[in-house]
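User: I would like to learn how to read a protein structure with your help, taking one feature after another. Could you show me the model and then explain each idea before applying it?

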Amino acid sequence: MTDVQTERDVVDVLMTDHREVEAIFVELESRQGTPEHRRQLADVVIAELVRHSVAEEAYVYPAARKALPDGGQLAEHEISEHADAERTMKELESLDPSEPRFDELLTKLTATIRHHVQDEENDLFPRLRAACAREELVELAGKVEAAKKSAPTRPHPAAPDHPPANKLLAPGTGLVDRMRDALSGRPTSMRELREKS
């Protein structure tokens with residue numbers, strides 16, 4: 001049996017995601033590397049953000065609704081920011097890095113996500129830790145990690161973003177996305193990208 005006090009909780013998992021995405025943003029902002037490498041970095045960051053958002057919408061925001069007095073309002077605000085980012089990612093995914101619009105959209109996405117991360121890390125996450133039992137936060141971490149494994153890897157702005165519909169549809173959409181990724185050779189993680197290099 002593992003000790004709940006030493007296990008990572010949901011906030012730890014999500015903050016790790018935030019750091020990984022930020023590192024990719026920094027690399028993209030440097031505008032170094034070939035256009036192909038920048039396209040692949042953009043694909044990886046899109047996949048990471050979509051998986052992260054799907055997991056938050058399925059498990060973290062429902063927990064906030066339940067645990068926090070203003071959880072419903074907070075969750076809707078976060079979901080709205082996800083939707084804005086997803087629309088930007090949808091447009092970004094089809095652009096060549098040599099097109100001026102690529103960097104414009106990347107700048108917009110980076111600003112949106114950095115604002116969102118700041119909101120979560122300064123407000124939502126500390127409040128969730130204060131309002132929820134450690135065991136619940138550790139259990140949520142497991143659910144989030146599992147959801148990310150079956151989540152879509154491409155933006156689907158019209159897909160449902162509230163339970164139960166999102167929990168029902170995301171795994172099927174994720175399967176289709178992963179098949180498309182495999183057939184096209186699209187990397188969806190930094191590990192895959194390093195293996196291709």
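Analyst: Let us start with a single side chain: R87 is partly exposed, because its relative accessible area is 48%, which lies between the 20% limit for buried and the 50% limit for exposed. Please keep in mind throughout that this is a predicted model.

User: With which residue does R87 form a salt bridge?

Analyst: The general idea is that side chains of opposite charge can pair when their charged atoms come close. In this model the partner of R87 is D84, and the closest N and O atoms of the two are 3.9 Å apart. D84 is partly exposed too, because its relative accessible area is 27%.

User: How far apart are D84 and R87 along helix α3?

Analyst: An α-helix has 3.6 residues a turn, so residues three or four places apart point the same way. D84 and R87 are three residues apart in α3, so about one helical turn separates them.

User: Which side chains meet in a salt bridge at 3.3 Å, N to O?

Analyst: One such pair is R101 and E104, whose side chains meet at 3.3 Å, N to O. R101 and E104 are three residues apart in helix α4, so they too are separated by about one helical turn. Both partners are partly exposed, because R101 has a relative accessible area of 35% and E104 one of 46%. Salt bridges can also share partners, and in this way R39, D43, R154, D181 and R186 are joined into one network. Another pair with a 3.3 Å salt bridge is R51 and E48, which both lie in helix α2, three residues apart.

User: Are R51 and E48 buried or exposed?

Analyst: Buried means under 20% relative accessible area, so R51, at 11%, counts as buried, and E48, at 16%, counts as buried as well.

User: How many salt bridges does the structure hold?

Analyst: The structure holds 26 salt bridges, and the pairs we have discussed, D84 with R87, R101 with E104 and R51 with E48, are among them.

User: How much space lies in the largest pocket, and which residues are closest to its centre?

Analyst: Rolling a probe the size of a water molecule over the atoms shows where empty space is left. Here the largest pocket holds about 440 Å³ of space, and of the 18 residues that line the largest pocket, E48, R51, K148, T188 and S189 are the closest to its centre. The buried pair E48 and R51 therefore appears again in this list. By class, the lining of the largest pocket has eleven charged residues, four polar and three nonpolar. Helices α1, α2, α5 and α7 each supply at least two of the lining residues, and α1 has the largest share, with four.

User: What does the second largest pocket look like in the terms of volume and lining?

Analyst: About 270 Å³ of space lies in the second largest pocket, and among its 20 lining residues V54, E86, H156, A159 and P160 are the closest to the centre. Two or more lining residues come from each of α2, α3 and α6, with α3 giving the most, namely five. Sorted by class, the lining of this second largest pocket has ten nonpolar, five polar and five charged residues.

User: How many cavities of 30 Å³ or more are there?

Analyst: A cavity differs from a pocket in that the probe fits but cannot get out, and the structure holds two of 30 Å³ or more. The largest cavity, with about 60 Å³ of space, has a lining that includes H18, H52, H82 and H116. Its lining has four nonpolar, five polar and one charged residues. The second largest cavity holds about 40 Å³, and α3 gives the most to its lining, with four residues.

User: Why does the span of α6 agree with what is expected of a helix?

Analyst: At 1.5 Å a residue, the 20 residues of α6 should span 28 Å, and its end C-alpha atoms are 28 Å apart, so the two values agree. Within α6, N166, A170, G174, D177 and D181 are buried, and the buried residues of this helix pack against α2 and α5. Just after α6, G185 takes a positive phi of about 75°.

How values were computed:
Residues are numbered from 1 along each chain as its sequence is written. This is a predicted model: local features need pLDDT of at least 70, side-chain atom pairs count only at pLDDT 80 or more; totals for chains, interfaces and linings use all residues. Side-chain values use heavy atoms; hydrogens and water are left out. On a 1 Å grid over the protein atoms alone, a cavity is a set of points where a 1.4 Å probe fits but cannot get out, and a pocket is an open set with protein on both sides within 12 Å along at least five of seven lines; lining residues have an atom within 4 Å of a point. Grid points are joined across faces, edges and corners, and a volume is the space filled by probe spheres set on the points. Ala, Val, Leu, Ile, Met, Phe, Trp, Tyr, Cys and Pro count as nonpolar, Asp, Glu, Lys and Arg as charged, and the others, Gly among them, as polar. The expected span of a helix is 1.5 Å times one less than its number of residues. Buried means under 20% relative accessible area, exposed over 50%, partly exposed in between (1.4 Å probe, protein chains only). Contact means heavy atoms within 4.5 Å. A salt bridge is a side-chain nitrogen of Lys or Arg within 4 Å of a carboxyl oxygen of Asp or Glu.
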